[in-house]
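Please walk me through this structure in my viewer. What should I select next, and what will I find there?

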Amino acid sequence: MSRYLTTAFLARLAEEGMAVALALLALHRTGSAAQGAFVLTAWMAPHVLAAPLMGALPARWYGPALGVFAAAIAALAVTVGHAPLPLTVAIAVAGGSCGPVVAGGLSSLVAGLTPAGRDRTRAYGLDATVYNAASVAAPATVGVLAALTGPGRAMLALAASAATAALLTTALQRPPSPARTPPRAGLTAGATALWRVPQLRAVTAATSLAFLGVGGLTTTTVLLAEERAFPGGGSLLMTVFALGALAGALATARLRRPVPPARLVTVALAGTGVALGAAALAPSPVLCLPLYALAGLCDGPLLSATLRIRADHAPDHLRAQVFTLGAGLKITAAACGAAVVGLLAAVPPALLLTWAATLHLAAAALHTRLAPAPPRPAA
């Protein structure tokens, strides 16, 4: 399991660092971050479209897919600001199409690496911790490397991280692949499972709705800090949120009595919504710090619970597709949320933060409505 966690951390470090690296590199070479935004959109857009195909790949192809992922990052380090924009966008689309392997495909391997029960619950808690650790470490790593060596070399370091993950993936012990559905049926079977299995439908709908708010949270937080005379406070607040999420994920992995995943999803969404709503009403940015930490602490267990539900309820031969497609839908929802906040940037930031909180509360209610009731114990 430790080898898997190392592999997942290196791959996700590269993925999480791309937004900051592209913005810094475009700004350095062109004087504007606009090209970086265009290339990042091209990087993220293919996730939901490529997810069924990436999920249908046998696990032995994850290494080559991560190799393409790493090569695309290295190519972008060379072409952004130097090559024609259409070429750069095409490279970003090719690399982003392999993103579902990082966002969901790797997590689908955990069920085959650990036995069912408490060990698997702990394993998915650690997997979620790795996600959150990468989201904390990546921006800081890119920022330090860009300051010391330049944005281009910082992006090459992300490519090296992804390439190392590709090599380590080939050494992961994997169970024999189950019988696979025909290719034509296989590309749609994951979406069918997400819709027909009540537990999968509930968690996918709820988390996608919540991620409409998550996608614009960074921009909203920056605007909120500026409005409340807290220059640079946006990044501090988001760092506190990420650290809280890391602590929440780690605490979930260490629970002696695991909470049922469906209940944990509802509690995590509701808790995050309440904390963000309170932060929107806080009169002082200093008061926002503990509220953002609380929001992150509540958000941390959400991913591990989501991963556990996918592992428990996805058909064995469709598990990878369910993981990649579920992650792709969340990323697409986040991209839409970021676009909405960009269009509404003139709206008071407190209202935007209230909107994000409301989406989380609505997601908790939606999950409660869609998730089947747990079976009652026999008398």
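**Starting at the surface**

Select L344 to begin: with a relative accessible area of 39%, L344 is partly exposed, because that value falls between the 20% and 50% cut-offs. You will find L344 in the loop that links helix 16 (319-343) to helix 17 (349-370). Now add V340, L343 and W355 to the selection; together with L344 they make up a nonpolar surface patch of about 420 Å² accessible area.

**A word on confidence**

Keep in mind that this is a predicted model. Colour the chain by pLDDT: the average is 84, and 93% of the residues reach at least 70. Then pick out residues 175-185, where the pLDDT drops below 50; the model gives this stretch 10 contacts beyond near neighbours in sequence.

**Into the cores**

Next, select M18, W43, F69, I73, L76 and M155, which touch the most other members of the largest nonpolar core, a set of 60 residues. Show helix 1 (residues 2-30) as well, since you can see there the biggest contribution to this core, 11 residues. Zoom in on I73: setting aside neighbours within four places in sequence, I73 contacts A14, M18, W43, M155, L158, A159 and A162. Another core, of 22 residues, lies apart from that one, and its members include A51, A189, V203 and L264.

**Last stop: T252**

Finish with T252, in helix 13 (residues 233-253). Is T252 buried or exposed? It is buried, because its relative accessible area is 12%, under the 20% cut-off. Beyond neighbours within four places in sequence, T252 is in contact with L264, P301 and S304; L264 is one of the residues of the 22-residue core you just visited.

Technical notes. Residues numbered from 1 in each chain as written. Predicted model: local features only at pLDDT ≥ 70, side-chain atom pairs only at ≥ 80, totals over all residues. Heavy atoms only, no water. Core = buried A, V, L, I, M, F, W, Y, C linked by side-chain atoms within 4.5 Å. Buried < 20%, exposed > 50% of the residue type's maximum accessible area, 1.4 Å probe, protein only. Helix = DSSP H or I, 4+ residues; strand = E, 2+ residues; numbered from the N terminus. Contact = heavy atoms within 4.5 Å. Patch = residues over 30% accessible without salt bridge, like charges linked within 9 Å, V, L, I, M, F, W, Y side chains within 5 Å. Areas by Shrake-Rupley, 256 points an atom, 1.4 Å probe, with all protein chains shown as cover. Salt bridge = Lys/Arg side-chain N within 4 Å of Asp/Glu carboxyl O. pLDDT = per-residue confidence, 0-100.
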